[in-house]
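The following exercises train the reading of a protein structure, one residue or contact at a time. Please attempt each task before turning to its solution.

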Amino acid sequence: MKNDTLEQQLYDEEAETFRNQLATVTDEGKRKWVYPKKPSGRFHKARIVISAILLLILFLTPFIKLNGHPFMLFDFLNRKFILFGILFGPHDFHLLVIAMISLVVFVVLFTAVFGRIFCGWACPQTIFMEMVFRKIEYWIEGDSKDQRKLNSAPWNAVKFFKKFTKHIIFFAIAFLISNIFLSYIIGIDALLKIVTDPPAEHLQGLFAITVFSGIFYFVFSNFREQACTIVCPYGRLQGVLLDRDSIVIAYDNVRGEPREKFKKEEGWENRGDCIECYQCVEVCPTGIDIRNGIQLECVNCTACIDACDDIMDKIKRPRGLIRYASINSIERKTKWRFTPRTIGYSSLLAVLITVLVILLLNRTDFSVTILRTAGLLYQEQPNNMVSNLYDLNMVNKTYNKIPVMLKLENVEGELKLVGKDIVIEPQGNVDSKFLILLPKSELSKMSTPIDIGIYDGDKLIKKVSTSFLAPMKKEPKEEDHEDKD
Ligand code: SF4
Ligand code: SF4
């Protein structure tokens with residue numbers, strides 16, 4: 001029994017050695033170039049459709065405008081964001097923080113349940129790499145075998161022409177991607193100005209476009225799958241985000257093992273369904289063997305599912321030896337269930353989304369804070385008047401300049417701004433002070449409630465309630481009454 005355990009341990013350790021190094025790095029630490037076979041199959045077809053839709057959305061969104069303003073803008077430099085036509089500025093920082101936390105919890109929850117489905121179906125890196133750049137490479141240089149042959153062949157006219165054409169097209173697409181990404185940051189109008197004006201007028205913008213184009217070109221022509229395995233933090237977090245109930249692209253080792261080459265005369269007795277054809281390995285764009293188990297390099301591209309299904313069709317075995325499944329569903333035949341971890345994440349996400357929705361629903365385009373100036377009660381003024389000094393803060397969250405006027409709504413008196421008239425710039429924030437003067441005769445108690453209207457021309461945009469302090473009226477003494485009588 002003890003020996004069994006030791007043997008098992010040694011076997012497990014041996015089986016796990018593939019985790020000690022990346023599939024795309026040699027023992028000497030050099031890069032192993034991956035030549036994945038052209039993928040095909042039902043998942044690949046579905047991914048082409050989804051990718052086309054997502055690319056269309058990505059390229060068209062910067063051109064969509066609502067009332068002359070971008071539909072989406074992520075102007076990090078000026079801390080200005082437009083989401084679905086709604087403008088968010090620095091004053092909405094709390095919303096951004098809650099939205100970011102919700103997004104992180106959503107990603108964690110989504111990953112715990114569905115694994116890296118995002119990487120395979122929606123990540124821009126995978127979509128551009130597999131659906132754009134790789135397709136162009138197959139078109140110019142052929143399938144994996146032809147590419148290997150071309151790369152090891154001596155330089156001649158054909159090789160030069162193919163490589164030159166490919167890299168020119170790659171750079172042109174990288175340039176296009178860089179322009180599109182920049183248009184999400186500075187807006188399409190600013191981008192068109194950079195592109196159409198004389199270069200000397202926009203040196204900074206042109207520099208940014210060139211640098212981004214160079215980065216994208218390098219990533220898609222050379223760095224490729226390394227971006228997912230070495231750089232992407234999401235990929236590296238898989239070890240802590242996934243558990244045995246997460247749905248991932250998995251090889252059914254219960255059904256597939258023991259694997260061996262198929263010999264018709266021996267039939268399917270005492271062997272697994274895997275026929276060691278290596279098709280799943282050959283199509284993998286990150287160069288891994290999914291039969292080793294879940295690996296951080298797997299971007300869930302589904303190519304191995306299609307390749308294996310194709311083999312299963314040919315050898316007349318059921319499809320799905322590699323499929324979307326959880327480890328528990330394969331090894332213990334359990335159905336997917338809510339684990340305590342997913343219940344916890346879901347509850348937290350529900351709370352965060354509720355808070356965010358409430359804050360968004362209560363968000364106004366214009367906010368005003370009026371507070372009586374600290375440390376001051378009231379001031380006696382000539383002509384039997386009393387004044388109070390107030391601090392005023394106003395935030396204009398709209399796209400328009402607002403010239404603001406303040407009026408007393410429920411009492412007769414005077415409202416005097418300290419300083420000049422107020423005009424608030426779009427996304428602007430103004431701090432000011434004002435005095436309210438009321439006649440003593442109107443003030444019967446120490447604190448009088450007052451309403452202040454904030455006007456844009458004749459249009460009331462906000463009404464704020466505050467209080468006005470006045471000296472206590474002296475009660476007439478009893479002897480005074482007697483004297484009068
Ligand atoms: S494609 Fe399927 S049958 Fe072929 S090696 Fe991979 S898992 Fe085994
Ligand atoms: S293991 Fe399969 S799903 Fe994962 S990256 Fe390779 S081919 Fe794609």
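**Exercise 1: A glutamine in a helix**

Task: Determine whether Gln147 is buried or exposed in this predicted model.

Solution. Step 1: The relative accessible area of Gln147 is 4%. Step 2: A residue counts as buried under 20%. Step 3: Gln147 is therefore buried. Step 4: For its setting, Gln147 is placed in helix α6, residues 144-152. Leaving aside residues up to four places away in sequence, Gln147 touches Tyr35, Glu137, Tyr138, Glu141 and Gly142.

**Exercise 2: A salt bridge between helices**

Task: State which parts of the chain the salt bridge between Glu141 and Lys163 ties together.

Solution. Step 1: In the salt bridge of Glu141 with Lys163, the closest N and O atoms are 3.0 Å apart. Step 2: Glu141 belongs to helix α5 (residues 124-141) and Lys163 to helix α7 (residues 157-186), so the pair joins parts that are 22 residues apart in sequence. Step 3: Both Glu141 and Lys163 are buried. Step 4: A network of salt bridges links these two residues with Glu137, Lys166 and Arg224.

**Exercise 3: A link between distant parts**

Task: Find how many residues apart Arg363 and Asp92 are, and where each lies.

Solution. Step 1: Arg363 and Asp92 form a salt bridge, with 2.8 Å between the closest N and O atoms. Step 2: Arg363 lies in the loop between α17 (340-361) and β8 (366-372), while Asp92 lies in the loop between β5 (86-88) and α3. Step 3: The two are 271 residues apart, and the pair links distant parts of the chain. Step 4: Arg363 and Asp92 are both buried. The structure holds 22 salt bridges.

**Exercise 4: A nonpolar surface patch**

Task: Decide how Phe106 is classified by its relative accessible area.

Solution. Step 1: Phe106 is found in helix α3, residues 93-114. Step 2: Its relative accessible area is 39%, so Phe106 is partly exposed. Step 3: Phe106 forms a nonpolar patch on the surface with Phe93, Leu96, Val97, Met100, Ile101 and Leu103. Together these residues have about 630 Å² of accessible area.

**Exercise 5: Two ligand shells**

Task: Describe the classes of residues in the shells around ligand 1 and ligand 2.

Solution. Step 1: Residues around ligand 1 include Cys274, Glu276, Arg291 and Met312. Step 2: The shell of ligand 1 has 10 nonpolar, no polar and 2 charged residues. Step 3: Around ligand 2 there are 13 residues, of which Cys284, Cys298, Val299, Cys301 and Cys304 come nearest. Step 4: The shell of ligand 2 has 10 nonpolar, 3 polar and no charged residues.

Note on methods. Residues are numbered from 1 along each chain as its sequence is written. Chains are lettered from A and ligands numbered from 1 in the order in which they are written. This is a predicted model: local features need pLDDT of at least 70, side-chain atom pairs count only at pLDDT 80 or more; totals for chains, interfaces and linings use all residues. Side-chain values use heavy atoms; hydrogens and water are left out. Patches are made of residues with over 30% relative accessible area and no salt bridge: like charges are joined within 9 Å, nonpolar side chains (Val, Leu, Ile, Met, Phe, Trp, Tyr) within 5 Å. Accessible areas come from the Shrake-Rupley method with a 1.4 Å probe; for residues, only the protein chains shown count as cover. A salt bridge is a side-chain nitrogen of Lys or Arg within 4 Å of a carboxyl oxygen of Asp or Glu. Helices (H or I, at least four residues) and strands (E, at least two) are DSSP runs, numbered from the N terminus. Buried means under 20% relative accessible area, exposed over 50%, partly exposed in between (1.4 Å probe, protein chains only). Contact means heavy atoms within 4.5 Å. A residue is near a molecule or strand if one of its heavy atoms lies within 4 Å of it. Ala, Val, Leu, Ile, Met, Phe, Trp, Tyr, Cys and Pro count as nonpolar, Asp, Glu, Lys and Arg as charged, and the others, Gly among them, as polar.
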